[in-house]
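Please examine the assembly shown below, with attention to how its chains are arranged and how helices meet within a chain.

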Amino acid sequence: MANVTAQQAMEAANEAAFLTNNLWILVATVLVFIMHLGFATLESGFVQRKNTVNILFKNAMIIAIGLLTYCLIGFNLMYPGADFAGKFFGFGGFGLNPSEADLTSAYGDYTYWSDFIFQGMFAATAATIVSGAVAERIKLESFLIFATILVAISYPITGMWKWGGGWLDAMGFYDFAGSTLVHAMGGAAALAAAIVLGPRLGKYTPSGIKPIPGHNMPLAAVGVFLLWFGWFGFNGGSVLSADAANVSLVFVTTALAAAAGAVGAFIASYLLFKSHDLSMVLNGILGGLVGITAGADQMGPMSAVLIGLVAGVIIPFSVVFFDRIKVDDPVGATSVHLVCGIWGTLAVGIFGKMAGMGQFINQLIGTLAVCVFTFAFSFGLMYLLKVTIGIRVSEEEEIKGLDIAEHGASAYQNVENAAFAANIQ
Amino acid sequence: MANVTAQQAMEAANEAAFLTNNLWILVATVLVFIMHLGFATLESGFVQRKNTVNILFKNAMIIAIGLLTYCLIGFNLMYPGADFAGKFFGFGGFGLNPSEADLTSAYGDYTYWSDFIFQGMFAATAATIVSGAVAERIKLESFLIFATILVAISYPITGMWKWGGGWLDAMGFYDFAGSTLVHAMGGAAALAAAIVLGPRLGKYTPSGIKPIPGHNMPLAAVGVFLLWFGWFGFNGGSVLSADAANVSLVFVTTALAAAAGAVGAFIASYLLFKSHDLSMVLNGILGGLVGITAGADQMGPMSAVLIGLVAGVIIPFSVVFFDRIKVDDPVGATSVHLVCGIWGTLAVGIFGKMAGMGQFINQLIGTLAVCVFTFAFSFGLMYLLKVTIGIRVSEEEEIKGLDIAEHGASAYQNVENAAFAANIQ
Amino acid sequence: MANVTAQQAMEAANEAAFLTNNLWILVATVLVFIMHLGFATLESGFVQRKNTVNILFKNAMIIAIGLLTYCLIGFNLMYPGADFAGKFFGFGGFGLNPSEADLTSAYGDYTYWSDFIFQGMFAATAATIVSGAVAERIKLESFLIFATILVAISYPITGMWKWGGGWLDAMGFYDFAGSTLVHAMGGAAALAAAIVLGPRLGKYTPSGIKPIPGHNMPLAAVGVFLLWFGWFGFNGGSVLSADAANVSLVFVTTALAAAAGAVGAFIASYLLFKSHDLSMVLNGILGGLVGITAGADQMGPMSAVLIGLVAGVIIPFSVVFFDRIKVDDPVGATSVHLVCGIWGTLAVGIFGKMAGMGQFINQLIGTLAVCVFTFAFSFGLMYLLKVTIGIRVSEEEEIKGLDIAEHGASAYQNVENAAFAANIQ
């Protein structure tokens, strides 16, 4: 090592920084992965006992199908690269084919594989958001087909518009980690699907709206904490390097917005319902997280608190609103992801570094474009499934529960036994 | 890059190390965050079914309020910095206002934001420890007010005494990651609150002490594993850099103390109760973790095993002791955090690098000072709440359960239905 | 810093890379740790309600005992180092005694402590795999003795054959992260133990095989997601550095194999049983993960998908097979870990960088040698326990459930109350 040059030392230092940057993307990937468990437990907790196996099954299949289709087609739709012809649609070919250089710092602050796996974890999220909104009455096969096509085609196309260098990016639209591209997009798909599908039996009756409470609140709470946990990777990883100032700022804004979302929902739901509603506070946390996602790197702590607070206040009003218009969303996914996603996107035009009327209008155009496209795509696809293979289980199956009807199984075998034993003694 | 100087290469190498050090603080932050889910599930599992929504609600609100108050006031009380007048109390002003340099390696091994968010995750812990001890009978609003003031005022003041450069630090007191400053502190607040509040109805009867077992052991076990998981960040992050030798040593001592705590509680509870008590083993793990926290960087594996083993043995005896003096603590928080916290702090004077009578006395003074201050603060605050807005739910509400009484909800909707169905067939 | 030399800058750059490499091993350690929660919840979910406390108790004790015995003896059996006499067995002495240099980059890409704690987290896995297969009828003490000896003696000996530089390593056998050394090994022990122990009462009756479904599917799903989460550390950490190209490739192959495992099990179980079986899909994910573990750094995404798909298809057939030969394994551990572990090991000879008949035969010899040794060791040990202290609870205890029989406790206190209340109204 006697003849080391400054040049060589600099290269070694750059390699060391590359190691760290790449490592952070991978750690963030792991954190985003566990959000899928967060969604699975949140949705399980919020549905009825008799549909628990079904929702777990769907969530396990979604992450599997999502990763495989993103590998096969989605990644190259979203980042078409050199084969990119046009600002609305491009395709880089099937499968993953990195060059040798793609696996070094020549690719950027991380490798091609890191890029794919981090983005792949995001992709499945959109379908997961839908699964909550259509829970307790959709046919399993129809849902899986819908989810596969949504993740394979719709998500990467609108994602490309901004993150793949498409027309929204060129226009100046800003969406740091996906308030619009992931959350409002998933929420718009959820809304379309819930409308085509119709409400659960007995939800909206002539005598009023019947609450159908979730069957397991600890499970729902576990889900929200895991989502918050994973969101540090979702937002923190979206810096796309381990840059100390940016990642640490993103951690602070993300955490404070979530905290303020809880407080906002706590206050608003107390004013609205005169009770301390756990499900509202849990969804308030998620609303705050969705809200800050578009601009987590764009503002200081005070703005993050405001964005989260507003998102939290929105939650109970939005939940009531969708119930009034008879859109039945068992877990509140539309309120959390669509409404707070739009709010967070617009908030970048109010609180972000380039805040102003011009930026606000860019934000508005961007979020509307993505939501309208996704809504139309999802509505059409769901309608097509409805008139072909059917999308809704029979009344009898819905009453019996999807666990028995679709899986021939029960989520908690022995409680029935306990109740049964109590009965026969 | 042809004219790179050695100086420039050295700066790049230092920046690369800074990236890694800062990244570790952020990853540790995420790990400490998930401890709040650990507390939420542990406490939920250990309370009765009818108080589950209530404890989840409190734990969700505590992390939210904790982060917000620490942002507003706590961080600058704990680290008053240049505005620091005196060794007992100082205040650096409201809110977070870093300079440009604070976001670079000029601030230290990590940024100002990383510093805040890592410390903020610690702060809410104190209040969470209390929530377990006062579970199943405290009024929600009173608890939230108590928790807010505890996190905003009491925790940062005693924290400053050591970590903010106050009088305990000057005296030579050592508390690596908070056996005293976090755990014994939270445990002392829990003890004071439990005393003022009084035991649950029917716990201590003329005919003896009635066990009130927790309603969901898997949930409690999930909590303990998550706490252990997060503790690698709690202790490992307290190195305040990614220093390889120190962080890896801390991982080993932390893991071995937890393991030994399980074994100690296994043996002691078998000798005491002639049964294999899961809740004791779970609390033994936590006792071992609390015990090693003060000196995790100060000793080798053998000492860590001894500290954990003693902590584990302490647990069942301490639980029995508090029941004998009729302090009702549904989750054993006082035994785990106060008793094992004091033990771990003193153990630094026995096993640490500066072990000896002088160090032992420093440790004793430090832990007593923090515990006495916190106990007095908490007792006074809780008493004040008792004589003003009241702290305890009515007998009727306690019997009915806080879920229905305070939230109008049930944690597991459908089990009642199953039991009901069994009954009416 | 004016007189910095290029040599000094290079050393600083190397130290920065060392920091990152070591940090990754520690983060991977944390991820592998949480796999123990994954096993605990998976196994809890798959057993009957009446044996839940028991399985949680065993899993909490296994990680504790595993870490302590690996510290005392296992680590130096597996990596005997300079004291290594022979290719089949060596021992480096009791306890952990690193030199000063062992805690610096002189030791390698990470410190001695990091090495120990990462390997220690692996070691306890073997015993955990067994605990699922022998659930619901084994005596607690007998199981703990069996698990302790297995982790202390059997696992490190066969581990040394490859990872400690023993005869399998010399022969050219390849096992990247332990399809054989951890999973098939644990599965072989599980098979031996299940055979000696015999099936649960009422499982195999003259009128056919009685399904005994698990009592809590959400818990089982949580377990599988946590295992997948932790597997990124299990496989990713086995690169033994933060090397960007290798770790990121391992992340991709690991994730895709798991996803394909879900799809394989989905299809195969539908063809076999004409239903959408959640437990099969969950075990399919695990099968895919076990399958890719031997060669996660050896192949591209397409091969990983194929390996996972085959592993997923294997699961339902293997589960049916073991039921046909009346080996009762309540959680399917033998199918997941033994069968898919062997498959993954052989797959390295088909898809790996050195694929070919020679490599395939090496793989076959290696996996058979480890499985046969472990099976014989476990069979003998379990038989010895059977004829001395006994290994099986009484019929009465088995019917009553191990929670009451061995722990005097119930996992879900209040459901009985609810059922009871329903009965007495």
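The following paragraphs proceed from the relation between copies to a contact between chains, and then to a pair of helices.

The coordinates belong to a predicted model. Two copies of a chain are related by a rotation about an axis and a shift along it. Here, a turn of 120 degrees with a shift of 0.0 Å along the axis lays chain A on chain B, with an RMSD of 0.0 Å. This is the relation of a three-fold axis. The copies nevertheless use different surfaces, since 20% of the contact residues of chain A recur in chain B.

The contact between chain B and chain C draws 56 residues from chain B and 63 residues from chain C. On the side of chain B that touches chain C, at least two residues each are supplied by α1 (6-46), α7 (217-236), α8 (244-273), α9 (278-293), α10 (301-324) and α15 (413-424) of chain B. Of these, α8(B) gives the largest share, with 14 residues. By residue class, this side of chain B comprises 41 nonpolar, 12 polar and three charged residues.

Within chain B, helix α3 (residues 112-133) and helix α6 (residues 179-197) have axes that come within 8 Å and cross at roughly 35 degrees. The crossing of α3(B) and α6(B) is right-handed. From α3(B), the residues in contact are B:F122, B:T125, B:A126, B:I129, B:V130 and B:A133. They meet B:V182, B:M185, B:G186, B:G187, B:A189, B:A190, B:A193 and B:A194 of α6(B). The residues of this contact between α3(B) and α6(B) include 11 nonpolar and three polar ones, with no charged residue.

Technical notes:
Residues are numbered from 1 along each chain as its sequence is written. Chains are lettered from A and ligands numbered from 1 in the order in which they are written. This is a predicted model: local features need pLDDT of at least 70, side-chain atom pairs count only at pLDDT 80 or more; totals for chains, interfaces and linings use all residues. Axes are lines fitted to C-alpha atoms, for helices over the stretch in contact, and angles run from 0 to 180 degrees between N-to-C directions. Helices (H or I, at least four residues) and strands (E, at least two) are DSSP runs, numbered from the N terminus. A crossing is left-handed if the near helix is turned anticlockwise from the far one by less than a right angle, and right-handed if clockwise. Two residues are in contact if their C-beta atoms, placed from the backbone, lie within 7 Å. Ala, Val, Leu, Ile, Met, Phe, Trp, Tyr, Cys and Pro count as nonpolar, Asp, Glu, Lys and Arg as charged, and the others, Gly among them, as polar. Copies are superposed by least squares on the C-alpha atoms of residues with pLDDT of at least 70 in both.
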